[in-house]
Every structure is written in C-alpha cells, then in structure tokens.
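Visitor: I would like to understand the labels attached to some residues here, and the reasoning behind each of them. Could you take me through the structure with that in mind?

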Amino acid sequence: MRDTADRPLRTVYKLMGDPRNVAHAKKVVQEKHHKHKDVAKDGPTAPQRGNKPQLAKQKQAVAEESPAPKTAEAARPAQPPDPTQLEKSLVVLSKLKELEFHSRGNIEKLAELSLTIEDELKQKAFVEAIGEIYSAQDAFQSKILKLIENYDAECARLKPAG
C-alpha cells in the first residue's frame, strides 16, 4: 500500500489503519483460541504445535488451493440472492456514490486553490505540493468510479430476476 505521495506506508498504518484489518485480526485471534480449545478437548493424539504432521497438512492445504486460480464468478455460490444482502449492498453503493460526489467537489476546490496559489499569490513553493494532492485526489476519483461501476454490477446481480 502507498500513501498519497506514492511512498510505502509504515507497517503500523498498513496493519491497523483500516478497520477491516482490525476486525480481521480479531477474528483470527478468536479462531486460534477456538482451535486451541478443540485441541485441548481432543487430548494428546491431536497434532501439537511444531509437529511435522501439522506442517504437512498446511503444505497440502496450500497445494490444494493454489493449482486452479478461481475467478470471481466461479467463486460465487449458485444460491438465490438474499433480499437483506441486496438492501445492505444498495446502502453501501449509495455511500460510495456520496464519497465520489465529495471527491469531485474536492477536485474542483483543489483546482481553484491551485490557481490562487500559483497565479494570484505567486507562492511557487506550494504549487508542487498542491499539485501532488490534486493528483492523489484525481487517482482516488478514478478508482472510486471503477469501484462504483463494479459494485453496481454486483447489486444488479443480487436483484431478483423478474
């Protein structure tokens, strides 16, 4: 991951900056705790930490997952769409569109500020900095438009036929 100046993010931000990462870390800890309880119930016959059989099972699982890369379409289950999932997805789509709207406004404001800084105030030292911010916002705008397009297609897929 990279920041707005296209520099690599520090590890702290990469791991904990996104709430989804925090939630994922919590889930992993809970799963490990749950597995630990299962191992304790099974007794001494269960593979213990550091044993070779466990390593072999992990390698086998990785080997089974990697040979056939799955497309997004192939990975989706063939069950009927859930109406509540559609409703929640439409809410997410609405929020994404709101973000895009504000992004467009930010680009317009940055363009105005850039003109003011460069032409009226003649503050050349800040022209490059605001240009970088404008570029980052423009990149965000492009990416969010693509995400909205893809998410809109997903919402259309979730809509019941008929």
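Visitor: Why is Glu 149 called exposed?

Guide: Exposed means over 50% relative accessible area, buried under 20%, and partly exposed in between, computed with a 1.4 Å probe on protein chains only. Glu 149 has 51% relative accessibility, so Glu 149 counts as exposed. This is a predicted model, in which local features need pLDDT of at least 70 and side-chain atom pairs count only at pLDDT 80 or more, while totals for chains, interfaces and linings use all residues. Residues are numbered from 1 along each chain as its sequence is written, and side-chain values use heavy atoms, with hydrogens and water left out.

Visitor: What makes the pair Lys 146 and Glu 149 a salt bridge?

Guide: A salt bridge is a side-chain nitrogen of Lys or Arg within 4 Å of a carboxyl oxygen of Asp or Glu. For Lys 146 and Glu 149 the N to O distance is 3.9 Å, and the pair therefore meets the definition. Both residues lie in helix H6 (residues 124-158), three residues apart, about one turn of the helix; a helix here is a DSSP run of H or I with at least four residues, numbered from the N terminus.

Visitor: Why is Lys 146 called partly exposed?

Guide: Lys 146 has 46% relative accessibility, a value that falls in between the two cut-offs, and so Lys 146 counts as partly exposed.

Visitor: How do you know that Arg 104 forms a salt bridge with Glu 100?

Guide: The closest N and O atoms of Arg 104 and Glu 100 are 2.8 Å apart, which is within the cut-off, and the pair therefore counts as a salt bridge. Because Arg 104 and Glu 100 are four residues apart in helix H5, about one helical turn separates them. Arg 104 is partly exposed at 39%, whereas Glu 100, at 9% relative accessibility, counts as buried.

Visitor: What makes Glu 154 buried, and which residue is its salt-bridge partner?

Guide: Glu 154 has 18% relative accessibility, which is under the cut-off, so Glu 154 counts as buried. Its partner is Arg 157, with the closest N and O atoms 2.9 Å apart, and Arg 157 is partly exposed at 37%.

Visitor: Why is Leu 93 called buried, and what is it in contact with?

Guide: Leu 93, which lies in helix H5 (residues 83-120), counts as buried because its relative accessibility is 5%. Leaving aside neighbours within four places in sequence, Leu 93 is in contact (heavy atoms within 4.5 Å) with Ile 148, Tyr 151, Asp 152 and Cys 155.

Definitions and conventions:
Helix = DSSP H or I, 4+ residues; strand = E, 2+ residues; numbered from the N terminus.
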